[in-house]
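Me: I have a structure open and want to learn how to read its features. Can we go through them one at a time?

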Amino acid sequence: MGNSPSVKANYLASFPGHGRVKSICFVSEEILAFSSDAGIYLWDCLSAHLIKKVAENPSPALVAYEGKLISCCASEVVVDLESKVLGHASPISALTVTRNGVLVSGAEDGSLKAWDIRSDSLLCTLLGHRGRVNCLTADEHVLTSGAADHTLQLWSLSNWTHLLSLEGHSDQVLSCGISQDGLNIVSGSADHLLRLWHRSSGAGAGQIEACQGPVVSVLFLADQLLSGGLDGSIKIWNFSTGLLVGQLYGHSGSVTSVVQYPFSHPVLQVASGSHDGTIKLWSLQAAH
């Protein structure tokens with residue numbers, strides 16, 4: 001598979017994506033949802049068979065909360081494929097769910113909105129970006145948004161105030177993630193760089209020349225950092241040293257989504273989706 005000796009990767013399964021895959025997420029221990037050019041589908045990721053197609057229109061982002069699939073269609077947030085909430089004045093481009101169960105949506109006009117998932121009620125609107133919101137990530141305390149204006153904005157989840165603006169990329173921010181301990185943030189950009197940030201101060205903690213093109217997807221996984229780009233590979237970096245410790249080969253198109261399996265499983269750890277029309281499942285282990 002062409003991986004470096006530091007990390008051994010096992011390729012577990014591949015599903016056809018019925019067109020370019022835009023976004024993927026795990027809805028439950030067995031069900032993986034993905035959005036592609038042809039619509040939104042559900043796969044049984046443990047037995048590797050298609051369950052059904054659940055929507056005709058693709059969604060640029062998918063998330064799940066307590067077994068409910070959350071997607072977007074134009075300016076509407078769609079909860080569990082049924083409840084639609086008119087959210088923004090322009091099309092929605094990014095979604096995330098906080099660890100306390102608040103849904104946040106970002107739109108092409110740069111606005112963010114926070115929602116109570118259970119009541120479908122709007123909690124607040126956040127304004128700070130001057131371009132399309134491309135990515136969102138959050139833990140219990142801080143929401144991070146990345147946008148076409150080249151910046152990341154940090155927001156408090158306790159009172160929805162603006163905390164910090166992170167500036168350093170020379171092109172739009174396409175992807176972002178937060179470490180499991182909440183202390184560090186990573187961003188991937190169209191400037192081909194991964195940038196690391198201290199969450200509390202906003203100071204830069206380093207940068208990595210990740211690939212020969214835009215860094216479309218990122219994922220923190222323990223002390224490792226995964227990045228996906230236009231060349232179809234998924235690179236694995238040691239977060240502390242910034243060194244490349246592994247590489248996953250299998251996609252032939254841009255890797256648009258890399259997500260962690262959020263449940264307990266003996267081998268399954270990561271899923272990836274690509275413009276090559278496939279979703280792939282992976283297991284990562286330290287090489288001996």
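Me: Let's start with the open sheet of 4 strands. What is its strand order?

Reply: This is a predicted model, so read every value as computed from it. The order is β10-β11-β12-β13, and the pairing is antiparallel.

Me: Which strands stand at the edges?

Reply: Look for strands with a single partner. Here they are β10 (92–97) and β13 (121–127), so each has one side without a neighbour in the sheet. On average, neighbouring strands are turned by 20° against each other, direction ignored.

Me: How many bridges join β11 and β12?

Reply: Strand β11 (residues 102–107) pairs with strand β12 (residues 111–116) over 5 bridges, in the antiparallel sense. For one position, take Val102: Asp116 in β12 stands opposite.

Me: Next, the nonpolar core. What is the general idea?

Reply: In soluble globular proteins, nonpolar side chains tend to be buried together.

Me: Which residues have the most contacts inside the largest nonpolar core?

Reply: They are Phe26, Leu32, Phe34 and Leu281, in a core of 16 residues. Elements giving two or more residues to this core are β1 (7–16), β2 (21–26), β3 (31–36), β4 (39–44) and β28 (278–286). β2 gives the most, with 3 residues.

Me: What does Phe34 touch?

Reply: Leave out residues up to four places away in sequence. The contacts of Phe34 then include Val21, Ile24, Ile40, Trp43, Leu62 and Ile279. Pro16, Gly17 and His18 are also among them.

Me: Now the cysteines. How many disulfides does the rule count?

Reply: The count comes to 0. The check is a sulfur-to-sulfur distance, with a cut-off of 2.5 Å.

Me: Why is Cys25 not bonded to Cys45?

Reply: Because their sulfurs are 11 Å apart, too far for a bond, and Cys45 holds the closest cysteine sulfur to that of Cys25. From the other side, Cys25 has the nearest sulfur to that of Cys45, and Cys45 is in no disulfide.

Me: Is Cys25 buried or exposed?

Reply: Apply the cut-off: buried means under 20% relative accessible area. Cys25 has 8%, so it counts as buried. Cys45 has 5% and also counts as buried.

Me: One last residue. Where does Thr144 lie?

Reply: Thr144 is in strand β15 (residues 142–147). Its relative accessibility is 0%, so Thr144 counts as buried.

Me: Which residues does Thr144 touch?

Reply: Again, skip residues up to four places away in sequence. Thr144 then touches Cys135, Leu136, Thr137, Leu152, Gln153, Leu154, Cys176 and Ile185.

Terms used:
Residues are numbered from 1 along each chain as its sequence is written. This is a predicted model: local features need pLDDT of at least 70, side-chain atom pairs count only at pLDDT 80 or more; totals for chains, interfaces and linings use all residues. Side-chain values use heavy atoms; hydrogens and water are left out. A nonpolar core is a set of buried Ala, Val, Leu, Ile, Met, Phe, Trp, Tyr and Cys residues joined through side-chain atoms within 4.5 Å. Buried means under 20% relative accessible area, exposed over 50%, partly exposed in between (1.4 Å probe, protein chains only). Contact means heavy atoms within 4.5 Å. Two strands pair if DSSP finds at least two bridges between them. Axes are lines fitted to C-alpha atoms, for helices over the stretch in contact, and angles run from 0 to 180 degrees between N-to-C directions.
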